[in-house]
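Below are some notes for a colleague who has the coordinates open. They go from the whole chain to individual residues.

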Amino acid sequence: SLAPSEVKRRVKQPPPFRPRWEFIAGGTGGIKNVIERREPLTRDNYWSLNATTALQRHFYRFGKIAIGTDLAYDGATGVRIDETDARWCAPGGQRWALGVYGGYEHIIGRFGALVQVGENVMRGFEDERMPRFYERFGWRYHINDRYWTTIVIRAIDGRRADALQFGI
């Protein structure tokens, strides 16, 4: 029948929202491809790891704000090729950095769009070419109330991708 029919839909009210505090901890890892020169043979892959803890406030149904700290390992710290074509990299202990950040996550069902801005307050290797400020942009998929997966781009200068990381 092509005649109009009355559609009956059940309307289910969501439970009332209650703001809450959350303590989160997570880790991400990825690989960076560093090009020191234009020749493809001078490319190399380096690990990029990050552990984070934060205090997060779920302040309305669709949004969370957070303040936290990062412990980051960048295997490409201090990478360069000298005049003799020898590769050089900072020692392992100098590849670590400690940062503090603030951020916002917009919740869309089980997904969350994530934006975080931070500053490295301590670094093992000082490089004047590398800014202290960093950003992370990405997505979280909330498996349940306690676990999530994430894909983020860690950027510096707001426009230059530093690493692509996956985590839980």
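The points below cover confidence, overall form, salt bridges and two individual residues.

1. Status of the model. This is a predicted model, so every remark here concerns computed values. The mean pLDDT of the chain is 87, and 94% of the residues reach at least 70. By element, the lowest mean pLDDT, 74, belongs to strand β4 (residues 80-81), whereas β6 has the highest, 96.

2. Secondary structure. The chain contains 10 strands and zero helices. Its pattern along the sequence is accordingly β-β-β-β-β-β-β-β-β-β.

3. Overall form. The radius of gyration is 21 Å, well over the 15 Å that the globule rule gives for 168 residues, so the chain is more spread out than a compact globule. Along the principal axes, the C-alpha atoms fill a box of roughly 80 × 45 × 25 Å.

4. Burial, surface and contacts. Of the 168 residues, 36% count as buried. The accessible surface is about 11400 Å², and carbon and sulfur atoms contribute 60% of this surface. Among contacts with a separation of 6 or more, 50% are between residues 24 or more positions apart.

5. Salt bridges, K32 and D74. How many salt bridges does a search of the whole structure find? The count is nine. One of them joins the side chains of K32 and D74, with an N to O distance of 3.0 Å. This pair links distant parts of the chain, 42 residues apart: K32 belongs to strand β1 (residues 20-35) and D74 to strand β3 (residues 63-74). Both K32 and D74 are buried.

6. Salt bridges, R140 and E105. In this pair the closest N and O atoms are 2.8 Å apart. Here too distant parts of the chain are linked, with R140 in strand β8 (residues 133-142) and E105 in strand β6 (residues 96-108), 35 residues apart. R140 counts as buried because its relative accessibility is 6%. E105 is also buried, at 1% relative accessibility.

7. Salt bridges, E126 and R123. Their side chains meet at 3.2 Å, N to O. Is each partner buried or partly exposed? E126 has 47% relative accessibility and therefore counts as partly exposed. R123, at 18%, counts as buried, since the cut-off for burial is under 20% relative accessible area. Elsewhere, R20, E22 and K64 form one network through salt bridges that share partners.

8. N120. This residue lies in strand β7 (residues 111-123). Its relative accessible area is 8%, so N120 is buried. Which residues does N120 touch, not counting those up to four places away in sequence? They are A97, L98, G99, R132, Y134 and R154.

9. T150. Strand β9 (residues 148-156) holds T150. With 11% relative accessibility, T150 counts as buried. A polar atom of the T150 side chain lies 3.1 Å from the backbone oxygen of W139. Apart from neighbours within four places in sequence, T150 is in contact with T28, W139, R140, Q165, F166, G167 and I168. W139 thus appears in the contact list of T150 as well as in the polar pair. R140, in that list too, is the residue that forms the salt bridge with E105.

Technical notes
Residues are numbered from 1 along each chain as its sequence is written. Side-chain values use heavy atoms; hydrogens and water are left out. A salt bridge is a side-chain nitrogen of Lys or Arg within 4 Å of a carboxyl oxygen of Asp or Glu. Helices (H or I, at least four residues) and strands (E, at least two) are DSSP runs, numbered from the N terminus. Buried means under 20% relative accessible area, exposed over 50%, partly exposed in between (1.4 Å probe, protein chains only). Contact means heavy atoms within 4.5 Å. pLDDT is the predictor's confidence in each residue, from 0 to 100. A polar contact is a pair of N or O atoms within 3.5 Å; within protein, one must be able to donate a hydrogen and the other to accept it, and residues adjacent in sequence count only if both atoms are side-chain atoms. The radius of gyration is taken over C-alpha atoms; the globule rule is 2.2 Å times the number of residues to the power 0.38. Accessible areas come from the Shrake-Rupley method with a 1.4 Å probe; for residues, only the protein chains shown count as cover.
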